[in-house]
Amino acid sequence: MKYCAIVPCYRHASTLDSVLTRLAKYSLPVIVVDDGNDIENATIIEKTVNSHNLANERVTLLKHDINQGKGGSVTTGLKYAYKAGFTHAVQVDSDGQHCIEDMDKILKLSKDNEDCVISGMPVYDANAPRSRVIGRKITNFFVHVETLSSMIKDAMIGFRVYPLEKTVSVINKSHIGSRMNFDIEVLVRLVWNGVRVKFFETRVDYPKGGISNFKPIDNVKISLMHTKLCCISVLTLPVRIFKNAR
């Protein structure tokens with residue numbers, strides 16, 4: 001089992017250094033994806049990556065010329081990691097909201113369950129926007145309908161370990177949303193393909209003044225995604241029951 005970390009970065013150049021510093025304690029190779037940032041942010045990202053490489057950390061920088069969304073960035077990182085020979089990738093957001101100090105916990109769970117996705121289950125602080133908390137509950141309800149299972153405890157957090165062979169295979173054969181809908185859809189499709197998901201509780205911080213890339217249009221995209229997934233779930237249910245019963 002060979003692990004790396006993937007950090008998609010758009011408009012969070014100012015917090016990237018802290019994220020990479022916290023990750024460095026775990027000696028994981030890191031893949032940072034610059035998702036079409038403006039010149040100012042791109043320059044900071046490149047300088048940050050170079051400074052960590054000078055400190056003998058293994059950080060690779062991939063760049064999108066045009067913004068492709070969080071899902072597009074994670075997909076780029078996952079495919080690169082798989083081609084580079086990694087077996088598992090830890091997804092970590094660049095805004096500093098994830099409790100990276102839970103890395104030992106998430107890696108141990110993954111090593112004990114190497115074919116599973118390991119995902120955080122968020123414990124919110126007092127600054128968590130109420131709209132985001134409610135939106136999560138709505139999404140998790142639909143995910144339970146789409147998978148006919150309560151296996152997925154939370155479908156939106158981006159702090160996860162993916163088994164790369166199965167994940168890249170699912171991505172390659174599916175048209176998965178490339179924006180904020182990615183985290184939800186890829187998890188549903190992995191479960192449809194027989195991959196189990198295990199969860200652990202982890203703190204999620206929403207610092208005051210933090211930059212959010214979540215836009216109102218993302219709610220529309222997520223609603224359309226749930227409509228699509230519910231329809232696919234009904235149409236493919238007999239096939240999935242047969243496949244998973246073998």
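**Helix α6, strand β1 and the cores**

Colleague: Which residues of helix α6 are buried?
Modeller: This is a predicted model. Helix α6 covers residues 164-173. Its buried residues are Leu164, Thr167, Val168, Val170 and Ile171.

Colleague: Within what arc do the buried residues of α6 fall, seen down the axis?
Modeller: The buried residues of α6 line one face of the helix. That follows because, in a view down the axis, they fall within an arc of 160°.

Colleague: Which exposed residues does the face of α6 turned away from its buried side carry?
Modeller: Exposed here means over 50% relative accessible area. On the face turned away from the buried side of α6, the residues that pass this cut-off are Glu165, Asn172 and Lys173.

Colleague: What do the buried residues of α6 pack against?
Modeller: Both helices and strands are involved. The strands are β4 (88-91) and β6 (160-163). The helices are α3 (69-83) and α7 (182-192).

Colleague: In the largest nonpolar core, which residues touch the most other members?
Modeller: In soluble globular proteins, nonpolar side chains tend to be buried together. The largest nonpolar core of this model has 34 residues. Those touching the most other members are Leu78, Ile152 and Phe182.

Colleague: Where does the largest share of this core come from?
Modeller: Elements that each supply at least two residues of this core include β1, β2, α3, α6, α7, β7 and α8. The largest share is eight residues, and its source is α7.

Colleague: Which residues is Ile152 in contact with, leaving aside neighbours within four places in sequence?
Modeller: Contact requires heavy atoms within 4.5 Å. With those sequence neighbours left aside, the partners of Ile152 are Val143, His144, Thr147, Leu187, Val188, Val191 and Phe199.

Colleague: How many residues are in the second, separate core?
Modeller: Val30, Val161, Phe200 and Tyr206 are among its members. The size of this second core is 30 residues.

Colleague: How many residues of β1 are buried?
Modeller: Tyr3, Ala5, Val7 and Cys9 point one way from β1, while Cys4, Ile6 and Pro8 point the other way. Residues on both sides are buried. The strand is largely enclosed by the rest of the structure, because the buried count is seven of the seven.

Colleague: Which residue of β2 stands opposite Ala5?
Modeller: β1 pairs with β2 in the parallel sense over five bridges. Between these strands the chain passes through helix α1 (residues 13-24), in a right-handed β-α-β crossover. Opposite Ala5 in β2 stands Val30.

Colleague: Which residue of β4 stands opposite Tyr3?
Modeller: β1 and β4 run parallel and are joined by four bridges. In β4, the residue opposite Tyr3 is His88.

Conventions. Residues numbered from 1 in each chain as written. Predicted model: local features only at pLDDT ≥ 70, side-chain atom pairs only at ≥ 80, totals over all residues. Heavy atoms only, no water. Buried < 20%, exposed > 50% of the residue type's maximum accessible area, 1.4 Å probe, protein only. Arc of directions from axis to C-beta. Core = buried A, V, L, I, M, F, W, Y, C linked by side-chain atoms within 4.5 Å. Pairing = 2+ DSSP bridges. Right-handed = clockwise from strand over helix to strand, strands pointing away.
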